[in-house]
Amino acid sequence: ATKSYPGYDVADDMEDLRPVPRPLHLRMCLELLQRADDASAPDAHETALRGIPDLSARRSKDLVDVCIPLASHLLHMDNRFGLAEFDTLRHDAIVALGAIEPALVGQVLFGELKKVSGSSVGLLMDVLDLLGSLALELAGHR
């Protein structure tokens, strides 16, 4: 008689093979985004940018504490590693933070508007675009 063994689910999400582990808190995202010189920095930046919307939506325990420095860091980031989706990921991360903590992210964005001089037209346009996207998100039209 042949013996039948139960099947096992061999599906693997490959999480253990990621070069940078998925962040569990927004503070970890900020730390990943502050990496600049090590070899894992590009992966760290992408992992953090992809993690922020989910952690914001789940109201990470450190959301209020980290929201302002994280939003400010995101606003002033540049695509130093040539990430393909950088602009979209950065935009979505700021809007996700703002959708949960609009007063704190608004403080960062409006504070930046006060500081922007005529030489920072790109930053001014970026802030205005983010404010528009955030308004649509808060109104439920996104």
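Biologist: In this predicted model, is Arg58 buried or exposed?
Modeller: Arg58 has a relative accessible area of 55%. The cut-off for exposed is over 50%. So Arg58 comes out as exposed.

Biologist: Which residue forms a salt bridge with Arg58?
Modeller: Side chains of opposite charge can pair when their charged atoms come close. For Arg58, the closest N and O atoms of the pair are 3.0 Å apart. The other residue is partly exposed, at 42% relative accessibility. That partner is Asp54.

Biologist: How many salt bridges turn up in the whole structure?
Modeller: To count, a side-chain nitrogen of Lys or Arg has to be within 4 Å of a carboxyl oxygen of Asp or Glu. The pair Asp54 and Arg58 is at 3.0 Å. Searching the whole structure gives a total of six.

Biologist: How far apart are the closest N and O atoms of Arg50 and Glu85?
Modeller: These two form a salt bridge that links distant parts of the chain, 35 residues apart. Arg50 sits in helix α2 (residues 41-57), while Glu85 is in the loop between α3 (63-76) and α4 (86-100). Arg50 is partly exposed at 41%, and Glu85 is partly exposed at 41%. Their closest N and O atoms are separated by 2.6 Å.

Biologist: Which residue is linked with Arg50 and Glu85 in a network of salt bridges?
Modeller: Start from the bridge between Arg50 and Glu85. The network has one further name in it. That name is Glu46.

Biologist: Is Glu112 buried or exposed?
Modeller: Glu112 is part of helix α5 (residues 102-115). Leaving out neighbours within four places in sequence, Glu112 contacts Leu75, His76, Leu123 and Val127. The relative accessible area is 7%, and the cut-off for buried is under 20%. So Glu112 is buried.

Biologist: Which residue meets the side chain of Glu112 in a salt bridge?
Modeller: An α-helix has 3.6 residues a turn, so residues three or four places apart point the same way. The two residues here lie three apart in α5, about one turn of the helix. The partner of Glu112 is exposed, with a relative accessible area of 62%, and the N to O distance is 3.6 Å. The residue is Lys115.

Biologist: How many disulfides does the structure hold?
Modeller: A disulfide is a covalent bond between the sulfur atoms of two cysteines. Cys29 is buried at 0% relative accessible area, and Cys67 is buried at 0% too. The number of disulfides in the structure is zero.

Biologist: How far apart are the end C-alpha atoms of α6?
Modeller: Helix α6 has 19 residues. At 1.5 Å a residue, the helix should span 27 Å. The model agrees with that, as the end C-alpha atoms are separated by 27 Å.

Biologist: Which helices do the buried residues of α6 pack against?
Modeller: The buried residues of α6 are Asp126, Val127, Leu130, Leu131, Ser133 and Leu134. One of them, Val127, is in contact with Glu112, and Glu112 is found in α5. The helices they pack against are α3, α4 and α5.

Biologist: What is the area of the nonpolar surface patch made by Val121, Met125 and Leu128?
Modeller: Val121 is in helix α6 (residues 121-139). Val121 is partly exposed at 47%, and patch residues need over 30% relative accessible area, so Val121 clears that cut-off. The patch made by the three residues covers about 290 Å².

Biologist: Which residue follows α6 and has a positive phi?
Modeller: Helix α6 runs over residues 121-139. The phi of the residue that follows is near 80 degrees. That residue is Gly140.

Biologist: What covers the buried residues of α4?
Modeller: With 15 residues, α4 reaches 22 Å from its first C-alpha to its last, close to the 21 Å expected. The buried residues of α4 include Phe86, Leu89, Arg90 and His91. Their cover includes α1 (26-33), α2, α3, α5 and α6.

Biologist: What is the C-alpha separation of Ala36 and Arg80?
Modeller: Ala36 is in the loop between α1 and α2, and is partly exposed at 29%. Not counting residues up to four places away in sequence, Ala36 touches Ala41, Arg80 and Phe81. Ala36 and Arg80 are 44 residues apart along the chain, yet their C-alpha atoms are separated by 8.9 Å.

Definitions and conventions
Residues are numbered from 1 along each chain as its sequence is written. This is a predicted model: local features need pLDDT of at least 70, side-chain atom pairs count only at pLDDT 80 or more; totals for chains, interfaces and linings use all residues. Side-chain values use heavy atoms; hydrogens and water are left out. Helices (H or I, at least four residues) and strands (E, at least two) are DSSP runs, numbered from the N terminus. Buried means under 20% relative accessible area, exposed over 50%, partly exposed in between (1.4 Å probe, protein chains only). Contact means heavy atoms within 4.5 Å. Patches are made of residues with over 30% relative accessible area and no salt bridge: like charges are joined within 9 Å, nonpolar side chains (Val, Leu, Ile, Met, Phe, Trp, Tyr) within 5 Å. Accessible areas come from the Shrake-Rupley method with a 1.4 Å probe; for residues, only the protein chains shown count as cover. A disulfide is a pair of cysteine sulfur atoms within 2.5 Å. The expected span of a helix is 1.5 Å times one less than its number of residues.
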